[in-house]
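Hi,

Here is the structure I promised to pass on. Have a look at it first, and my notes on what turned up follow below.

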Amino acid sequence: SVFRVRPVTRCVETMPGHTDAILHITYSPDGTRLASGGGDTTVRFWNVTSSTPSHTCKGHKHHVLCTAWSPDGATFASSDKSGEIRLWDPKTGKMKLSSSLRSHSKWVTSLCFEPLHSNPAADRLASASKDHSVKIWHAVSGRCETTISGHLDSVECVKWGGTGLIYTASRDRTIKVWA
């Protein structure tokens, strides 16, 4: 097969709105929305078709460092430099819980929801942190279900595997697989 790939040669749209550096962006599972978080402590939801913001969510007190969509697109998670995690309703831009999720002693480096085929309720979230740990949260109640520790340095990334396993990557130069 021969594939003709056009090179990216020009910017076709600019989406202004944040007042400080944008540190993370994530597409919704259906590809119709984009969410961004940044140094201005806000989360913004964007309509990709019109390139316009639909909601600006305020509540974080520090830089928003990482974000994640639930696999059903009904919940959006964002975390900041203080280690606080907030859950948002992407349709309304309002917080889903009355308070944020707090348990990490340092900032959160990665967020990941459990895949839809493993959990049709789409209600479990994993967070990795500079504090060398991973927390598993119940996204409806806001309760921390478990803490995974074993890395010797900052956990930089967490991914939920398709078979229920959790993979963590750390600055200690290891990838650990958790069942």
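**What I found**

Strands S1 and S2 (residues 33-38) run antiparallel and are joined by five bridges. Strands here are DSSP E runs of at least two residues and helices are H or I runs of at least four, numbered from the N terminus; two strands count as paired if DSSP finds at least two bridges between them. Within that pair, Ile 22 sits opposite Gly 38 of S2.

Before I go on, the small print. This is a predicted model, with residues numbered from 1 along each chain as its sequence is written. Local features need pLDDT of at least 70 and side-chain atom pairs count only at pLDDT 80 or more, while totals for chains, interfaces and linings use all residues, and side-chain values use heavy atoms, with hydrogens and water left out.

**The open sheet**

S1 and S2 belong to an open sheet of four strands, ordered S1-S2-S3-S4 with antiparallel pairing. S1 (22-27) and S4 (52-58) are at the edges with a single partner strand each, so one side of each has no neighbour in the sheet. On average, neighbouring strands of this sheet are turned by 20° against each other, direction ignored (axes are lines fitted to C-alpha atoms, for helices over the stretch in contact, and angles run from 0 to 180 degrees between N-to-C directions).

Thr 42 is part of S3 (residues 42-47). Thr 42 has a relative accessible area of 7%, so it counts as buried (buried is under 20%, exposed over 50%, partly exposed in between, with a 1.4 Å probe and protein chains only). Its side chain makes a polar contact of 3.5 Å with the side chain of His 18. By polar contact I mean a pair of N or O atoms within 3.5 Å; within protein, one must be able to donate a hydrogen and the other to accept it, and residues adjacent in sequence count only if both atoms are side-chain atoms. Beyond its neighbours within four places in sequence, Thr 42 is in contact (heavy atoms within 4.5 Å) with residues including His 18, Ser 36, Thr 56 and Val 64.

**Whole chain**

The protein chain has zero helices and 15 strands. Its C-alpha atoms fill a box of roughly 50 × 45 × 30 Å along the principal axes. The radius of gyration is 17 Å, which agrees with the value near 16 Å for a compact globule of 179 residues (taken over C-alpha atoms; the rule is 2.2 Å times the number of residues to the power 0.38). Buried residues make up 45% of the 179. Of the contacts with a separation of 6 or more, 38% are between residues 24 or more positions apart.

**Cores**

A nonpolar core is a set of buried Ala, Val, Leu, Ile, Met, Phe, Trp, Tyr and Cys residues joined through side-chain atoms within 4.5 Å. The largest one has 13 residues, and among those touching the most other members are Ile 85, Leu 111 and Phe 113. S5 (64-69), S7 and S9 (108-113) each supply at least two residues of this core, with S9 giving the most, three. Another core, of 10 residues, lies apart from it and includes Cys 112 and Val 155.

Cys 112 is also in S9, and its relative accessibility of 11% makes it buried. The C-alpha atoms of Cys 112 and Ser 127 are 6.6 Å apart, with the two positions 15 residues apart along the chain counted as separation.

**Around S11**

What about burial in S11 (residues 133-138)? Six of its six residues are buried. Ser 133, Lys 135 and Trp 137 cover one side, with Val 134, Ile 136 and His 138 on the other. S11 pairs antiparallel with S10 (residues 124-129) over five bridges, and with S12 (residues 143-149) over six. His 138 stands opposite Arg 124 on the S10 side and opposite Arg 143 in S12. The S10-S11 hairpin has three residues between the strands, and His 132 in the turn has a positive phi of about 75°. The S11-S12 hairpin has four, with Gly 142 at a positive phi near 80°.

**One last residue**

Glu 84 lies in the loop between S6 (76-80) and S7 (85-89). Glu 84 is buried, at 6% relative accessibility, and its side chain makes a polar contact of 3.1 Å with that of Ser 100.

Cheers
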